[in-house]
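Trainee: I am new to this one and would like to learn how to read it. Could you walk me through it, one feature at a time?

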Amino acid sequence: MFRTGLGFDNHRLMAGRRLLLGGMEVPSPVGEDAHSDGDVLLHALCDALYGATGKGDIGEHFPDSDPRWKGQASRLFLEHALNAAREAGYRLVNVDATVFLEKVKLLEYKKKIAENIRAMVRPFWDLAEDAVNVKAKTAEGCDSVGRGEAIAAQVIVLLEKVRE
Ligand code: MG
């Protein structure tokens, strides 16, 4: 049996914050403003994993009203979501992601970000190189992403049930 899950996240961008994507820092004059480290890509990936396994969303598991998660590395959230999927008897088949960002060009970082996600998943499952794909889009000058005020990410995952 297969399950899909869809995740979305966005954050305001501001000067003086690090831009984190898929657990790695991308050189940028602005970064995500957030209660945690603000890694939109990992937050969307967590929600995709929770969605596929019927386990709610990242806000339920790690509420931003809880001081324990202030400045928290999103890697911890991802480990929780991966572990929840494994405990439920699933294995991750593939991850397909899109990052929406206007001014910082991700062309030279997309493959590194995908590799970093594979490395974070590796303690759970060994994914093939082509099983994690990261795409980048601008918003063509429209909306808050297009004005350079925000960043967003969409992620879809496929999980396969491997044990009851
Ligand atoms: Mg978020």
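Mentor: Gladly! Let's start with a definition for helix packing: an axis is a line fitted to C-alpha atoms, for helices over the stretch in contact, and the angle runs from 0 to 180 degrees between N-to-C directions. Keep in mind that this is a predicted model.

Trainee: At what angle do H1 and helix H4 pack?

Mentor: Here is the general idea. Two packed helices are described by the angle between their axes and the distance between the axes. In this structure, the angle between H1 and H4 (residues 110–121) is about 50°, and their axes are 12 Å apart. That makes H1 oblique to H4. The H1 and H4 crossing is right-handed.

Trainee: And how do the axes of H1 and helix H3 cross?

Mentor: H3 covers residues 74–87, and its axis comes within 9 Å of the axis of H1, crossing at roughly 15°. Angles under 35 degrees count as roughly parallel, so H1 is roughly parallel to H3. The handedness of the H1 and H3 crossing is left-handed.

Trainee: I can see a metal in the picture. Which residues are the protein donors of the magnesium ion?

Mentor: A donor is an N, O or S atom within 2.8 Å of a metal such as this one. For the magnesium ion, the protein donors are Asp9 through OD, His11 through NE2 and His43 through ND1, at 2.1 to 2.2 Å. Along the sequence, these donor residues follow the spacing D-x1-H-x31-H. Asp9 sits in strand E1 (residues 2–15) and His43 in helix H1 (residues 40–52), so this pair, 34 residues apart, links distant parts of the chain.

Trainee: Is His43 buried or exposed?

Mentor: The cut-off to remember is that buried means under 20% relative accessible area. His43 has 6%, so His43 is buried. Asp9 also counts as buried, because its relative accessibility is 16%.

Trainee: Let's turn to the aromatic rings. How many aromatic pairs are there?

Mentor: Rings count as a pair if their centres lie within 6.5 Å, and planes over 60 degrees apart count as edge-to-face. With that rule, there are four aromatic pairs. One of them joins Phe62 and Trp69: the ring centres are 4.9 Å apart and the planes are at 85°, so this pair is edge-to-face. Another joins Trp69 and Phe77, with centres 6.3 Å apart and planes at 80°, so that pair is edge-to-face too.

Trainee: Which residues do the ring pairs link into a cluster?

Mentor: Phe62, Trp69 and Phe77 are linked by ring pairs into a cluster. As for burial, Phe62 has 9% relative accessibility and counts as buried. Trp69, at 13%, counts as buried, and Phe77 is buried as well.

Trainee: How many disulfides does the structure hold?

Mentor: In general terms, a disulfide is a covalent bond between the sulfur atoms of two cysteines. The structure holds zero disulfides. You can still compare the surroundings of individual cysteines: Cys46 is buried, with a relative accessible area of 0%, while Cys142 is partly exposed at 46%.

Trainee: Now for the backbone. Where is Glu140 found, and what is its phi?

Mentor: As background, most residues other than glycine have a negative phi. Glu140 has a positive phi, near 55°, and it is not a glycine. Look for Glu140 in the loop between strand E6 (132–137) and helix H5 (143–146). Its relative accessibility is 68%, so Glu140 counts as exposed. Asp143 is another case, with a positive phi of about 55° in a residue that is not a glycine. Asp143 lies in helix H5 and is partly exposed at 44%.

Trainee: One last topic, distances. How far apart in space are Val104 and His80?

Mentor: C-alpha to C-alpha, Val104 and His80 are 30 Å apart, with their positions 24 residues apart in sequence. Val104 belongs to the loop between strand E5 (90–100) and H4, and at 13% relative accessibility Val104 counts as buried. For another distance, try Lys161 and Leu20: they are 141 residues apart along the chain, and their C-alpha atoms are separated by 31 Å. Lys161 is in strand E7 (residues 150–161) and counts as partly exposed at 22%.

Methods:
Residues numbered from 1 in each chain as written. Predicted model: local features only at pLDDT ≥ 70, side-chain atom pairs only at ≥ 80, totals over all residues. Heavy atoms only, no water. Donors = N, O, S within 2.8 Å, 3.2 Å for Na, K, Ca; no water. Helix = DSSP H or I, 4+ residues; strand = E, 2+ residues; numbered from the N terminus. Buried < 20%, exposed > 50% of the residue type's maximum accessible area, 1.4 Å probe, protein only. Phe/Tyr/Trp six-rings, centres within 6.5 Å; stacked < 30°, edge-to-face > 60°. Disulfide = S-S within 2.5 Å. Parallel < 35°, antiparallel > 145°, perpendicular 65-115°, else oblique. Left-handed = near helix turned anticlockwise from the far one by under 90°.
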